[in-house]
Amino acid sequence: MKEYGEKLKVMIADDEERICQLIEALIDCDALQMEVVGIAHNGLEACELVENLRPDILITDIRMPGYSGLELIEKVKEKEENLEIIIISGYAHFAYAQTAIKFGVGNYLLKPINKEELTGTLQKLGERIRDRRRLAEDQQRIRQKSEADIRLFRMNLLNRLTEDAVWKPSAEELREKYYLHVEDGVFQGYLLKVDCDGEIGRAGIDLILGKVQSLLENSFRPRCREFVSGVKGSCCVGFLNYGSEKTEEIRRIFRDCMNQLESEKGIFGPVMFTAALGSAAKDAEGLPESVAQAAIIIEDRLLKGTGKLLERVPAASAIHEQNILERYVRQIVHAIEVMSVEETEDAVAQMRQTILEVRDVKGFEVRELIYSAARLFLSQVEIKNRGETLREFEDRCSLCGSMDELLDRLAALQKAYVEEMCRRHEADTVRPIRMAKQYIQNHYSEPITQEEVSGAVGLSAAYFSVLFKKVEGEGFAKYLIGVRMEQAKILLRESNTPVSKICQQVGYNDLKHFTHTFEKATGVKPTVYRKMYG
């Protein structure tokens, strides 16, 4: 057994040498306590290296000569079931998503590889591997079957069931390693999802999930040979083992639980509940697949609505043939270039319309599409913590119960960043004009020119002229005259300074020109203005 304190071994497989070099350079080995032990440029070489080097983490392209990424995953998982895998690809493959889940891969990165996202994924996998090793060592030391130990084992079992779809446990393994009272019959995974708005908060969600779990325990444990349940994220997830003669009774109990939760929604607040049942497996080996199916089925609530018991395993539709992401990227790039919130909203509206036109579109496809759109959008805007922002977005989306809510989240994400871009642009635009106006206030008594002021604020005279008129609504010369005339009126009203002197104090050397300009601005000559207001 490997020590969990030692460095984790990482292997990279990609047919492009520069991509391998880039990924290796992006991995902060010291910070992550990892080391790159091998690089392969085709599937056959990668398969051989995995067998020889026994890495902890494999980063592989989806398409390579020899074996494809998915073929490679299938091969290596047969020999190294605990190998953690990250798939990388140049674009989102919806057709591959379900296949990747089948092989136990849930980590999917788009090219170009972002260091922050790669680091976050590696960090998450590293923690998972080290946690697994710690647990394995704990299991070696545990001898007594205390209730606390059994709960620990069962949570470990649930983690493996939800993260390792290629594992094929036997009933004997479940009994001896996890202390379960399973018997021959039906093994069926389930998932009960809680969706809500952001007002409830994590503490509120945990409280609701605790009550849901108690309801499920009380409803199923007396009627099943074994019932395993745990909380992951915003879901209660687990499996049931029961006699085949109770199939309809189990479905009825699930519906009764859903009805009870729906009737108590007023107590919980603005929440929605949906349940999903994976296929009924005839033996324990089918459990991981059944649990994985429930996780895919639950996404159909986005289209079919919440408050239901969903059972049918959805097949992939033809949504990937619609080039939705390609069109979205074209629209969103232009929207960002022109800083138009309206165009970003149009891009989301067009995406929604196209999705609705796809026959038999599935919920898991919609979610992956929207997550991919968010990744692509964030890759086009200047942002410091792209990976963290994406995780926060996906966390909020995980509580959405419909496609429209997901699209609203995407639209809100886009709006926030485009509006921030507009504010930054406006600040960059207004600041030099504000500086120019201050300069005019300080120097209006001098024979200043537009060239002099534009130079003082660091802009070319031509650009300054256009920008000044755009911001102020009038040209530089007219604005300068306005400032000088206002100062002249103040001096005429509040002092006995001769008009000829005031002429010079506001930047004019020609009294006749000053008088003409003043009369044009006020309708009266300076001497008349003084008599009227002085």
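1. Contact here means heavy atoms within 4.5 Å. On that basis, residues 24 or more positions apart account for 68% of the contacts in the protein chain that have a separation of 6 or more. The coordinates under discussion are those of a predicted model, and each remark below should be read with that in mind.

2. On overall dimensions, the radius of gyration of the protein chain is 34 Å, whereas a compact globule of 534 residues would have a value near 24 Å. The extents of the C-alpha trace along its principal axes are about 110 × 60 × 50 Å. The secondary structure of the chain comprises 24 helices and 10 strands.

3. On surface and charge, 47% of the 534 residues of the protein chain count as buried. The area that the chain exposes is about 26,100 Å², and 48% of this is supplied by carbon and sulfur atoms. There are 74 positive and 86 negative side chains, and the centres of these two sets lie 5 Å apart.

4. In soluble globular proteins, nonpolar side chains tend to be buried together. The largest nonpolar core of this model has 36 residues, of which Tyr328, Met351, Ile355, Ile370, Phe377, Phe393 and Leu410 touch the most other members. Two or more residues of this core come from each of α14 (324–338), α15 (341–357), α16 (363–380), α17 (386–397) and α18 (403–443). A second core, separate from that one, has 31 residues, among them Cys236, Ile253, Cys257 and Phe268.

5. Met351 deserves a closer look within the largest core. If residues up to four places away in sequence are not counted, Met351 touches Ile324, Tyr328, Leu369, Ile370, Ala373, Leu407 and Leu410. Of these partners, Tyr328, Ile370 and Leu410 are also listed among the core residues that touch the most other members.

6. Helix α7 (residues 147–163) contains Arg160, and a reader may ask whether this residue is buried or exposed. Because its relative accessible area is 14%, and buried means under 20%, Arg160 counts as buried. Apart from neighbours within four places in sequence, the residues in contact with Arg160 are Glu81, Asn82, Trp167, Glu173, Lys177 and Tyr178.

7. Ile150 is also found in helix α7. The relative accessibility of Ile150 is 21%, so this residue counts as partly exposed. Ile150 and Tyr178 are 28 residues apart in sequence, while their C-alpha atoms are 6.9 Å apart in space. Tyr178 is thus a name that recurs in this region, since it is also one of the contacts of Arg160.

8. Val453, in helix α19 (residues 450–456), is buried, with a relative accessible area of 0%. Not counting residues up to four places away in sequence, Val453 touches Ala436, Tyr439, Ile440, Ile448, Phe464 and Phe476. How far apart are the C-alpha atoms of Val453 and Val358? The separation is 59 Å, for two residues that are 95 residues apart along the chain.

9. Asn509 is placed in the loop between α22 (499–505) and α23 (511–522). This residue counts as exposed, because its relative accessibility is 75% and exposed means over 50%. Between the C-alpha atoms of Asn509 and Arg431, which are 78 residues apart along the chain, the separation is 31 Å.

10. Some points of backbone geometry may be worth inspecting in the model. The peptide bond that leads from Lys111 to Pro112 is cis, with omega near 0 degrees, and Pro112 lies in the loop between β5 (107–110) and α6 (115–141).

11. Positive phi values in residues other than glycine occur at Gln33, where phi is near 55 degrees, and at Arg54, where phi is near 50 degrees. Gln33 is found in the loop between α2 (29–32) and β2 (34–40), and Arg54 in the loop between α3 (43–53) and β3 (57–61). With a relative accessible area of 36%, Gln33 is partly exposed, and Arg54, at 47% relative accessibility, counts as partly exposed too.

Key:
Residues numbered from 1 in each chain as written. Predicted model: local features only at pLDDT ≥ 70, side-chain atom pairs only at ≥ 80, totals over all residues. Heavy atoms only, no water. Helix = DSSP H or I, 4+ residues; strand = E, 2+ residues; numbered from the N terminus. Rg over C-alpha atoms; globule rule 2.2 N^0.38 Å. Buried < 20%, exposed > 50% of the residue type's maximum accessible area, 1.4 Å probe, protein only. Areas by Shrake-Rupley, 256 points an atom, 1.4 Å probe, with all protein chains shown as cover. Lys, Arg positive; Asp, Glu negative; His and termini not counted. Charge placed at Lys NZ, Arg CZ, Asp CG, Glu CD. Core = buried A, V, L, I, M, F, W, Y, C linked by side-chain atoms within 4.5 Å.
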